[in-house]
Amino acid sequence: MSEAVVPPRALWVPFPLGRPLGAIDDPGFQKDVLRAAFGLLGTAAEPTIEDYPIEAPDKGMSEEWACPLNLGPTSSGGLTDRLLAEVARLRPWAIETRRERGRTLFGVSGAEENQVDELARCLAVVAETGDVIGEPDSDEINWAFDMPLLLRHIADDLRTFYHEAIAAQPGSTPPDHDALSRWIFSETILGETLLLVADGLTDASDSPIAQLVRGLLIPEGHYRGGSAFPAEANFPTP
Amino acid sequence: MVRLSDLHPVEAEHLGMRALAMPAIGPGEWVTPPSVDQATVAIVSTAGLHRRIDPPFTIGSLDYRLIPGDTRFDDLVLSHISANFDRSAFGRDPNIVFPIDRLREMASDGEIGGIARWHYSFMGAMPDPSRFEETGEEIGRLMAQDGVDVALLVPI
């Protein structure tokens with residue numbers, strides 16, 4: 001992409017998506033990356049792409065992570081009940097992470113921190129009814145997006161809740177992106193719910209935006225054996 | 001940017017196709033900034049980063065969000081639309097995406113000249129970056145008035 005954009009000075013870094021400075025909680029490593037980028041200001045005389053030669057330490061990541069909680073079925077009820085039961089088991093740990101950090105990334109959908117249950121209920125209703133166009137009926141939440149794009153932000157808020165719950169658990173190294181996605185889509189009711197919502201988006205074949213949102217909802221590699229994006233994914237400009 | 005070989009094969013194929021289809025737009029006018037230890041630096045993020053009071057980004061957003069240099073990390077969220085990058089890293093250490101503390105340290109140590117008062121954020125994942133030309137030029141003018149010498153573009 002840098003070859004197409006031709007920035008004046010670019011430092012290519014071999015780090016995972018979402019970690020452009022490389023290493024979490026490692027100021028020294030992060031500053032070395034910045035020094036390498038700023039160094040190009042004094043050396044490049046024409047558009048330059050330079051490779052950063054140092055791999056990031058795998059600090060705080062684990063591809064082989066396994067959740068210490070047993071989130072197997074605790075209820076024989078419907079999807080909503082099972083998802084709410086799962087959320088309830090994770091809640092104490094999510095609260096602990098928010099207390100430790102003094103912040104959360106939860107809430108982009110419009111939900112407040114104390115509305116996780118309502119958010120989960122709304123997503124489960126969408127999954128069960130297949131209605132991916134009508135706004136979820138909630139007296140509590142002021143949604144920040146229109147449907148169907150709202151669905152990917154509801155999903156992201158719940159994914160954030162799950163990850164913040166994991167982050168506080170003792171004796172485990174938090175998972176990387178792939179390990180987290182594998183866990184969600186193979187072991188959790190949230191994953192089951194998201195795949196049902198994705199099916200609803202697939203069925204909304206007369207809505208091109210719904211097909212696109214499916215690709216924004218499910219990480220690649222976790223949608224029923226293929227890409228979650230439609231073959232022709234056009235990004236409209238508002 | 002990650003190696004394509006480190007991504008899930010489906011994601012790697014998707015990104016590879018997008019990179020090949022991306023229209024060429026550069027290079028721009030060459031500018032030589034002052035020595036870095038004299039330069040004022042502003043961050044430009046494409047992580048869909050913004051304050052909670054700001055409207056979130058949406059699909060195809062071409063506008064930007066202003067991030068004042070004194071914004072607290074507990075006031076920042078991400079509304080980037082992609083499901084394919086690791087948000088948990090930002091949750092644990094916001095400097096991994098928005099390295100404002102690192103710039104403060106480098107300014108304090110004299111490695112850079114200073115930090116801009118304002119920083120800027122866009123929604124990434126735009127197949128045609130030329131669509132950002134108008135807002136890109138706008139923040140260029142704003143940064144010039146803010147005394148910025150170096151724009152540190154941090155993609156997600």
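Start at L217(A). Setting aside neighbours within four places in sequence, L217(A) is in contact with L151(A), R152(A), A155(A), L194(A), V197(A), A198(A) and A228(A). One further contact crosses to the other chain: A83(B). The model shown here is predicted.

L217(A) also belongs to something wider. The largest nonpolar core has 93 residues. L217(A) is among those with the most contacts inside this core, along with L123(A), L151(A), L158(A) and V197(A). Helix 5 of chain A, residues 149–167, supplies the largest share of the core, with 11 residues. Domain 1 (2–51) and domain 2 (79–217) of chain A both give residues to this core, so the core lies between them.

Those two domains are how chain A is divided. Their C-alpha centres lie 33 Å apart. Now take the chain by its elements. The secondary structure of chain A comes to 8 helices and 2 strands. Along the sequence, they follow the pattern α-β-α-β-α-α-α-α-α-α. The C-alpha atoms of chain A fill a box of roughly 65 × 45 × 35 Å along the principal axes. Chain A has 238 residues, and 42% of them count as buried. Take the contacts in chain A between residues at least 6 apart in sequence: 67% of them join residues at least 24 apart.

Helix 5 of chain A is a good place to look at packing. Begin with helix 4 of chain A, residues 116–129. Helix 4 and helix 5 of chain A pack at an angle of about 130 degrees, with their axes 10 Å apart. That angle makes helix 4 of chain A oblique to helix 5 of chain A. The contact draws on V116(A), L119(A), A120(A), C122(A), L123(A) and V126(A) from helix 4 of chain A. Helix 5 of chain A answers with L151(A), I154(A), A155(A), D157(A), L158(A) and F161(A). Helix 4 of chain A passes helix 5 of chain A in a left-handed crossing. Three of the names here are familiar from the core: L123(A), L151(A) and L158(A).

Helix 3 of chain A also packs against helix 5 of chain A. Here the angle is about 80 degrees and the axes are 7 Å apart. Helix 3 and helix 5 of chain A are therefore roughly perpendicular to each other. On helix 3 of chain A, the contact uses L90(A), W93(A), A94(A), T97(A) and R98(A). On helix 5 of chain A, it uses F161(A), Y162(A), E164(A), A165(A) and A167(A). F161(A) thus appears in the contact with helix 4 of chain A and in the contact with helix 3 of chain A.

Stay on helix 3 of chain A, residues 79–101, and find E86(A). Is E86(A) buried or exposed? E86(A) has 23 C-beta neighbours inside 10 Å, so E86(A) counts as buried. Leaving out residues up to four places away in sequence, E86(A) touches L71(A), T188(A), I189(A) and L190(A). L71(A) is 15 residues from E86(A) in sequence, yet their C-alpha atoms are 6.6 Å apart.

Last comes the partner chain. The contact takes 59 residues from chain A and 61 residues from chain B. On the side of chain A that touches chain B, the elements giving two or more residues are helix 1 (2–5), helix 2 (27–43), helix 5, helix 6 (177–187) and helix 8 (208–217). Helix 2 of chain A gives the most to that side, with 8 residues.

Conventions
Residues are numbered from 1 along each chain as its sequence is written. Chains are lettered from A and ligands numbered from 1 in the order in which they are written. This is a predicted model: local features need pLDDT of at least 70, side-chain atom pairs count only at pLDDT 80 or more; totals for chains, interfaces and linings use all residues. A nonpolar core is a set of buried Ala, Val, Leu, Ile, Met, Phe, Trp, Tyr and Cys residues joined through C-beta atoms within 7 Å. A residue is buried if 20 or more other C-beta atoms lie within 10 Å of its own, exposed if 12 or fewer, and partly exposed in between; C-beta atoms are placed from the backbone. Helices (H or I, at least four residues) and strands (E, at least two) are DSSP runs, numbered from the N terminus. Domain bounds come from an automatic or database domain assignment. Two residues are in contact if their C-beta atoms, placed from the backbone, lie within 7 Å. Axes are lines fitted to C-alpha atoms, for helices over the stretch in contact, and angles run from 0 to 180 degrees between N-to-C directions. Angles under 35 degrees count as roughly parallel, over 145 as roughly antiparallel, 65 to 115 as roughly perpendicular and the rest as oblique. A crossing is left-handed if the near helix is turned anticlockwise from the far one by less than a right angle, and right-handed if clockwise.
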